[in-house]
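Welcome, and thanks for taking a look at this one with us. Please have the sequence and the 3D view open side by side as you read.

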Amino acid sequence: MRAVLSRVTRASVRVDGTVVGAIEGPGVLALVGVHREDSAEDVATMVRKIAELRLLNGEVSAQDAGAPVLLVSQFTLQGRTAKGRRPSWSHAAPAEAARPLIEAVAEGLRARGIHVEQGMFGAHMEVESVNDGPFTLLVETRGN
């Protein structure tokens, strides 16, 4: 799995003009892309990273601060751009494999007591956020 984690003061996601998920910060916007070889072990690592990385002000984690997370599936994070002008999506998990892993990340965060809002898997989404800092990290569960 690969994720872009941003410390935000607020974030939301809309589908067809309707807000389907939103958080007020401080919080974390987690854009997560699933690799075709990801497993339950990758889910556990990603949950731990999202929950425990000290990326909020004062070097505290979302879990320690009781901060919300907006989780958005983004397969394009698995895109490869080394060759040519067209990204390759060959490393991205197909939807039927990615959806349960994204849901498992959400459930793993909730099991840690974190309030999780989500985008809509597979939908065209408009994601809006106010990055605080800015503070953004790239997190990977494997050496993709």
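What follows is a short tour of the sheet, the helices, the cores and a few side-chain pairs.

This is a predicted model. Its strands form an open sheet of five, in the order β4-β3-β2-β1-β5. A search of the whole structure turns up four salt bridges and one aromatic pair. The largest nonpolar core holds 29 residues, and a second, separate core has eleven.

**The sheet**

- Reading across the sheet, the order is β4-β3-β2-β1-β5, and the pairing is mixed.
- Its edges are β4 (116-118) and β5 (126-140), each of which pairs on one side only.
- From one strand to the next, the twist averages 35°.
- Strands β1 (residues 2-15) and β2 (residues 18-33) run antiparallel and are joined by 13 bridges.
- If you would like one bridge to locate in the view, try R14, whose partner in β2 is V19.
- As a reminder of the chemistry, strands of a sheet pair through backbone hydrogen bonds, in either a parallel or an antiparallel way.

**Helices against the sheet**

- Helix α1 (residues 40-52) lies across four strands, β1, β2, β3 (69-73) and β5.
- The direction of α1 is at about 75° to that of β1.
- Helix α3 (residues 95-111) lies across β2, β3 and β4.
- Relative to β4, helix α3 runs at about 160°.

**The nonpolar cores**

- Within the largest core, I50 and L109 are the residues that touch the most other members.
- Two or more residues of this core come from each of β1, β2, α1, β3 and α3.
- Helix α3 gives the largest share, with six residues.
- L109 is a good place to centre your view: leaving aside neighbours within four places in sequence, its contacts are V47, I50, A51, V69, I114 and V116.
- The second core, separate from the one around L109, has eleven residues, including V13, I23, L29 and L70.

**Salt bridges**

Three of these pairs are worth a visit.

- R7 and D132 join through their side chains, with N to O at 3.6 Å.
- Because R7 sits in strand β1 and D132 in strand β5, this salt bridge ties together parts of the chain that are 125 residues apart in sequence.
- Is R7 buried or exposed? R7 counts as buried, because its relative accessibility is 9% and the cut-off for buried is under 20%.
- R112 and E52 also form a salt bridge, at 2.9 Å from N to O.
- R112 belongs to the loop between α3 and β4, whereas E52 is in helix α1, so the pair links parts that are 60 residues apart in sequence.
- Both ends of this bridge are partly exposed: R112 has a relative accessible area of 29%, and E52 has a relative accessibility of 38%.
- E107 and R110 form a further salt bridge, whose closest N and O atoms are 2.9 Å apart.
- This pair stays within helix α3, where E107 and R110 are three residues apart, or about one turn of the helix.
- E107 is partly exposed at 46% relative accessibility, and R110 is partly exposed as well, with a relative accessible area of 31%.

**The aromatic pair**

- How do the rings of F75 and W89 meet, and why is the pair edge-to-face? Their centres are 5.3 Å apart and their planes are at 70°, and planes over 60 degrees apart count as edge-to-face.
- F75 and W89 both lie in the loop between β3 and α3, so the pair ties together parts that are 14 residues apart in sequence.
- F75 is partly exposed, with a relative accessible area of 46%, and W89 is partly exposed too, at 37% relative accessibility.

**A buried aspartate**

- Let us end with D42, which is found in helix α1.
- D42 counts as buried, because its relative accessibility is 5% and buried means under 20%.
- Which residues are in contact with D42, leaving aside its neighbours within four places in sequence? They are M1, E37, T141 and R142.

Methods. Residues are numbered from 1 along each chain as its sequence is written. This is a predicted model: local features need pLDDT of at least 70, side-chain atom pairs count only at pLDDT 80 or more; totals for chains, interfaces and linings use all residues. Side-chain values use heavy atoms; hydrogens and water are left out. Two strands pair if DSSP finds at least two bridges between them. Axes are lines fitted to C-alpha atoms, for helices over the stretch in contact, and angles run from 0 to 180 degrees between N-to-C directions. Contact means heavy atoms within 4.5 Å. Buried means under 20% relative accessible area, exposed over 50%, partly exposed in between (1.4 Å probe, protein chains only). Rings of Phe, Tyr and Trp (its six-membered ring) pair if their centres lie within 6.5 Å; planes under 30 degrees apart count as stacked, over 60 as edge-to-face and the rest as tilted. A nonpolar core is a set of buried Ala, Val, Leu, Ile, Met, Phe, Trp, Tyr and Cys residues joined through side-chain atoms within 4.5 Å.
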